[in-house]
Amino acid sequence: QAAVEVLEAAGFQVIVPSQPLCCGRPLYDFGLLPRATRLLKQTIAALRPIIAAGVPVVGLEPSCVAVFRDEMTNLLPDDQDARRLSQQTYLLTEFLETKTDFAHLPKLQRRAIVHDHCHKKAVIKKDDEWKLLKQLGLDFEVLDSGCCGMAGSFGFVKEHYELSLKIGELVLLPAVREAPEDTLIIADGFSCREQIAQTTKRRALHSAEVIQMAINSATNDLKDQ
């Protein structure tokens, strides 16, 4: 919802698929490649008119975007629509940096700590959100935290639970607990936010929610004038 508001505020018409679609990442991670491929084919079929029209596809979960950018073309090497979709898919922050002039973003004078996502670092390898967060006016630190430990469903598996916590406790979770209450915790990965929610008293925000917060704050300031 926050991403839709942000994109509409930037002047875009947002289309949300009417049917549930899955990138196949959960199946891919467990080696269930035929089932993951079937899901990807269903997604491509549902998005075919969008793909053919060259409409950008904005993803919010880095692991899903990484599938579209990397694994999908490996699983479907001869599918031209898969290749086009790979080239048309963006993270929200990447899309805003590439397709808009975000120099006029409202300011949000807050401190924040940021946990980067493993798939983003491995596959997408861009720092667009850092540019965007700087433009928002945030005073932020990107944690050298490695993996959050949850890693999709890894931390939910009983025999992985203790290891998942140990990984999170290396850097991320202590940093979140030690952060002042008015410091924003930013993590774009769903499993990363889940790990933080399960093991601390804090709720991490997606970048979309942070940008939405800045827009709403600016709107409220105008109303008060």
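T37 is found in helix α3, which covers residues 33-53; helices here are DSSP runs of H or I with at least four residues, strands are runs of E with at least two, and both are numbered from the N terminus. The model is a predicted one, in which local features need pLDDT of at least 70 and side-chain atom pairs count only at pLDDT 80 or more, while totals for chains, interfaces and linings use all residues. Residues are numbered from 1 along each chain as its sequence is written, and side-chain values use heavy atoms, with hydrogens and water left out.

With a relative accessibility of 14%, T37 counts as buried, a word that stands for under 20% relative accessible area, whereas exposed means over 50% and partly exposed lies in between (1.4 Å probe, protein chains only). When residues up to four places away in sequence are not counted, T37 touches L75 and L76, where a contact means heavy atoms within 4.5 Å. L75 belongs to helix α4, which spans residues 62-75.

Helix α4 also holds M72, a buried residue whose relative accessible area is 0%. Leaving aside residues up to four places away in sequence, M72 touches L40, I44, V67, A82, L85 and S86. One of these partners, A82, is 10 residues from M72 in sequence, and the C-alpha atoms of the two residues are 6.7 Å apart in space.

At the beginning of the chain, helix α1 (residues 2-9) has A2, A3, V6 and L7 as its buried residues. These residues cover an arc of only 125 degrees around the axis, which puts them on the same side of α1; the arc is that of the directions from the helix axis to the C-beta atoms. Just after α1, G11 takes a positive phi of about 100 degrees.

The loop between β4 (139-142) and α9 (161-170) contains S145, and the same loop, between β4 and α9, contains A151. S145 has a relative accessibility of 8% and therefore counts as buried, while A151, at 39%, counts as partly exposed. Apart from residues up to four places away in sequence, S145 touches H115, V171 and L172. By contrast, S145 and I124, which are 21 residues apart in sequence, are 18 Å apart in space, C-alpha to C-alpha. A151 has a positive phi of about 50 degrees although it is not a glycine. Most residues other than glycine have a negative phi.

Taken as a whole, the protein chain contains 12 helices and 5 strands, and buried residues make up 44% of its 225 residues. A compact globule of 225 residues would have a radius of gyration near 17 Å, and the 18 Å of the protein chain agrees with this; the radius is taken over C-alpha atoms, and the globule rule is 2.2 Å times the number of residues to the power 0.38. Along the principal axes, the C-alpha atoms fill a box of roughly 55 × 45 × 25 Å. Of the contacts with a separation of 6 or more, 70% are between residues 24 or more positions apart.

The accessible surface of the protein chain comes to about 12,200 Å², and 52% of this belongs to carbon and sulfur atoms; the areas come from the Shrake-Rupley method with a 1.4 Å probe, and for residues only the protein chains shown count as cover.
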